[in-house]
Amino acid sequence: MRHLRRKLTLRAHSEQIVLVKRKQERIEHVWMKAFLWALYLPDYPDLDVEVNVDDKYKPDVVAVDRRRGRPQFWGEAGAVGPDKTEHLVTAYPDTHLAFSKWDRSLDAVQDPVERAVRTTERAAPIDLFRIPPDGAERFVDAKGRMAVSCDELTWMRIGSTGA
């Protein structure tokens, strides 16, 4: 898939977001952030993209509980190393985590997540999902309207069933 646009204006659930593709960034990474935003916006209406939180890591997509000052949702798009995975799973036991992959097996993220889950008590779920290689074409129309659900993706939940 070849994209020349550096800016994507997308809509989902009556909201709009503008994402800018940085020079070194793959377009698939931008699309994964957009899909995380669209998938979880109904549950977390204050979702934001690429916002720093008080952590050594920066989430791709996040919703912060303003009262507590902690993330209630943290989404990662693409490659996430085992150290970061363990940190997120153990440091944020009450934060709903989501890891997305673009046309890749979920095994590479499932194994480190499951290892980290065994070392901590978690109160929030962890979702893993795979975006198909034609995801942008299948789930986004010509006007930038996104329509995607977990049912249309390879998806699994680890831990708590509540969101």
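**Figure 1. Burial of F139 and its ring pair with F35 in the predicted model.** In this predicted model, F139 has a relative accessible area of 4% and is therefore buried, the limit for that class being under 20%. F35 has a relative accessibility of 0%, so F35 also counts as buried. A search of the whole structure finds five aromatic pairs. In the pair formed by F35 and F139, the ring centres are 6.0 Å apart and the planes stand at 90°; the pair is therefore edge-to-face, a class that requires an angle over 60 degrees. Distant parts of the chain are linked by this pair, since F35 belongs to helix α1 and F139 to helix α4 (residues 135-139), with their positions 104 residues apart in the numbering. Ring pairs also bring in W31, which forms a cluster with F35 and F139.

**Figure 2. The aromatic pair of W74 and Y92.** The rings of W74 and Y92 lie 5.3 Å apart, centre to centre, with 40° between their planes, and the pair is classed as tilted. W74 is part of strand β5 (residues 70-77), whereas Y92 is in the loop between α2 (82-91) and β6; the pair therefore ties together parts that are 18 residues apart in sequence. Both W74 and Y92 are buried.

**Figure 3. The largest pocket and its lining.** The volume of the largest pocket is about 180 Å³. Its lining consists of R26, E28, H29, M32, G78, A79, K101, W102 and R104. Helix α1 (27-40) and strand β6 (96-102) each contribute at least two residues to this lining. The largest share, three residues, is supplied by α1. By residue class, the lining comprises four charged, three nonpolar and two polar residues.

**Figure 4. The buried residues of helix α3 and the elements that cover them.** Helix α3 spans residues 107-117, and its buried residues are V109, Q110, P112, V113 and A116. The elements covering these buried residues include helix α2 together with the strands β6, β7 (126-131) and β8 (154-158). Two of these names recur from the view of W74 and Y92, where the loop that holds Y92 runs between α2 and β6. Strand β6 also appears in the view of the largest pocket, to whose lining β6 supplies at least two residues.

Definitions and conventions. Residues numbered from 1 in each chain as written. Predicted model: local features only at pLDDT ≥ 70, side-chain atom pairs only at ≥ 80, totals over all residues. Heavy atoms only, no water. 1 Å grid on protein atoms, 1.4 Å probe; cavity = no way out; pocket = protein on both sides within 12 Å on 5 of 7 lines; lining within 4 Å. Points joined across faces, edges and corners; volume = space filled by probe spheres on them. Helix = DSSP H or I, 4+ residues; strand = E, 2+ residues; numbered from the N terminus. Nonpolar A, V, L, I, M, F, W, Y, C, P; charged D, E, K, R; others polar. Phe/Tyr/Trp six-rings, centres within 6.5 Å; stacked < 30°, edge-to-face > 60°. Buried < 20%, exposed > 50% of the residue type's maximum accessible area, 1.4 Å probe, protein only. Contact = heavy atoms within 4.5 Å.
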